[in-house]
Amino acid sequence: MPKILLPKDFTFGVATSAYQIEGAWNEDGKGPSIWDTFTRTPGKVAGDVPGNRGVEHYQRYREDVALMRDLGIESYRFSLSWSRLMPEGAGRVNQAGVDFYSRLIDQLLEQGIAPNVTLYHWDLPQALEDRGGWVTRDVVGWFGDYAALVFDSYGDRVRRWATLNEPISIWVGYGMGAFAPGRSDEKAARQAMHNALLAHGRGVEAFRAAGSPGEIGIVLDIWQRHPATDKPEDKALAADDEDNGFRFFLDPLLGGGYSERLTQRLTAAGTMPEIEAGDLELIATPIDYLGLNVYSRVVVSAEHYNPKWWVADEWHPGGNFLDNGMEFYPKAVYDAIHMVKTDYGFDRPIFITENGVSDGKTLADPLEDDERIAYVGAFLEWIAKAIDEGADVRGYYLWSLLDNYEWAAAYTQKFGIVHVDLETMQRTPKKSALWYRDVIRSRGV
């Protein structure tokens, strides 16, 4: 018997994103996205390897659904490629793209797997970026029209939706230049982040207008900052980093507007986004659930500050590091769940929409991923503890089903519970996949 049990109605799933797995980047009428452009630009991604192939999910989706069925996966969280559905991002609809996702959804339902669909996971149509992208307020209308098309096409079969996945990626892409579209303009980035929140609100409105059954939310990544010491400068840095990250979104989403602390700082820097009448009300349109992506924490030090904290440097704060270099801190998920409840009074359902770990650097056999088993098991234990204490956590989505194209890291990081041979694209379940199958069967760890 498992020592830690999760509720019988708790959902166990896996997650992916369109750009990372689909491939077929220019097939069947699909238009390019900003990631198609970015990954084919020299010097932007590891080894200058573009994401054109992904892992050929577009051709192999039936095989991938069968894999999920065999593993007992209860729900599959995936995103739609906006430019596959609307090649120019607005106006013309690509029926071949609409039909692809319809076949995928039907296949999932036939195998008893509930689809959980994300409208936007970082891959803005390049045609819209050419017209200003997330920096222009026009994107709110474009996103609303796209959302309406999606709900009209699939709302009869999909019951769980998310508008945006990790909108902090917009900061990394527009403010830091490390993600697509590769811009480094802090003022433009802050406006883009604000506009993304407006688009989220418009997307929720479109969902309500469609009258489809089900629920809609948003997915945020939560990397809470822990000061390295009790020094005032470390504590201030931790607070500023959280304001720049997940609190930039949580504060207005849950009705509080942008915090006074953030507003004062951005106004002084000349980077506060322009806010029009009605903006904050649109952003705070009520959602049905909140998705949290939690991997670890970030320990910050003013003396050793690294703004690109996800890139390891010589000074490693924290401890208990995994073989891939990331700190193993499973309590992060428990802390995140309680943070949204205590800091924001959030009393609606929560899903852990992403959690996982990349393979270690010294892994001899790609199928023997014991470290992943230990990592996921510990996070599930902390989720169970939060539920036992009254938290309304409804499900967990392991990132990821497949080894895939890991954004700017290309194929150098492997998060899948299923190994993918990049030469043949053959799928082989890892040890963790079989372990996760048993976790689902027994409802615990």
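**Legends to close-up views of a predicted model**

**Figure 1. Helix H10 and its buried residues.** In helix H10, the buried residues are Asp234, Leu237, Ala238, Ala239, Asp241, Glu242, Asp243 and Asn244. The model shown in this and the following figures is predicted. Helix H10 comprises 13 residues, from 232 to 244. From the first C-alpha of H10 to the last, the distance is 18 Å, close to the 18 Å expected at 1.5 Å a residue. The partners of the buried residues of H10 include several helices, namely H8 (168–174), H9 (186–210), H11 (246–253) and H12 (260–269). Two strands, S6 (225–227) and S8 (298–300), also pack against these buried residues of H10.

**Figure 2. Helix H11 and the glycine that follows.** How many of the residues of H11 are buried? The count is 8 of 8, so helix H11 is largely enclosed by the rest of the structure. These buried residues are Phe246, Arg247, Phe248, Phe249, Leu250, Asp251, Pro252 and Leu253. Helix H11 is itself among the elements against which the buried residues of H10 pack. After H11 comes Gly255, with a positive phi near 95°.

**Figure 3. The surroundings of Ser102 in helix H5.** Ser102 belongs to helix H5, which covers residues 95–110. Is Ser102 buried or exposed? Ser102 has a relative accessible area of 18%, and it therefore counts as buried, because the cut-off for this class is under 20%. When neighbours within four places in sequence are set aside, Ser102 is in contact with Tyr154 and Arg157.

**Figure 4. Val158 in the loop between H7 and S4.** Val158 occupies the loop that runs between helix H7 (138–154) and strand S4 (160–165). With a relative accessible area of 0%, Val158 is buried. Which residues does Val158 touch, if residues up to four places away in sequence are not counted? They are Ile105, Pro115, Val117 and Pro213. Trp122 offers a further point of reference: it is 36 residues from Val158 in sequence, and the two C-alpha atoms are 21 Å apart in space.

**Figure 5. Two cis peptide bonds in loops.** In general, most peptide bonds are trans. One cis peptide bond joins Ala180 and Pro181, with an omega of about 10°. Pro181 lies in the loop between helices H8 and H9. Another cis peptide bond links Trp399 to Ser400, and its omega is about 10°. Ser400 is part of the loop between strand S10 (393–399) and strand S11 (418–420).

**Figure 6. Asp48 and Trp407, two residues with positive phi.** As a general rule, most residues other than glycine have a negative phi. Asp48, which is not a glycine, has a positive phi near 55°. Its place is the loop between helix H2 (34–39) and helix H3 (57–71). Asp48 is partly exposed, with a relative accessible area of 42%. Trp407 is not a glycine either, and its phi is positive, about 50°. Trp407 is situated in the loop between S10 and S11. The relative accessible area of Trp407 is 4%, which means that this residue is buried.

**Figure 7. The contacts of His419 in strand S11.** His419 is found in strand S11. Its relative accessible area is 18%, and His419 is therefore buried. Which residues lie in touch with His419, leaving out those up to four places away in sequence? The list consists of Pro366, Leu367, Asp403, Gln426, Arg427, Thr428 and Lys430.

**Figure 8. The whole protein, as the setting of the close-up views.** The protein contains 16 helices and 12 strands. Its C-alpha atoms fill a box of roughly 55 × 55 × 45 Å along the principal axes. A compact globule of 445 residues would have a radius of gyration near 22 Å, and the 21 Å found for the protein agrees with this. Of the 445 residues, 60% count as buried. Among the contacts with a separation of 6 or more, 78% are between residues 24 or more positions apart. The exposed area of the protein is about 16,700 Å², of which carbon and sulfur atoms supply 50%. The protein has 45 positive and 66 negative charges, and the mean positions of these two sets are 2 Å apart.

Methods: Residues are numbered from 1 along each chain as its sequence is written. This is a predicted model: local features need pLDDT of at least 70, side-chain atom pairs count only at pLDDT 80 or more; totals for chains, interfaces and linings use all residues. Side-chain values use heavy atoms; hydrogens and water are left out. Helices (H or I, at least four residues) and strands (E, at least two) are DSSP runs, numbered from the N terminus. The radius of gyration is taken over C-alpha atoms; the globule rule is 2.2 Å times the number of residues to the power 0.38. Buried means under 20% relative accessible area, exposed over 50%, partly exposed in between (1.4 Å probe, protein chains only). Contact means heavy atoms within 4.5 Å. Accessible areas come from the Shrake-Rupley method with a 1.4 Å probe; for residues, only the protein chains shown count as cover. Lys and Arg count as positive and Asp and Glu as negative; His and the chain ends are not counted. The place of a charge is taken as NZ of Lys, CZ of Arg, CG of Asp or CD of Glu. The expected span of a helix is 1.5 Å times one less than its number of residues.
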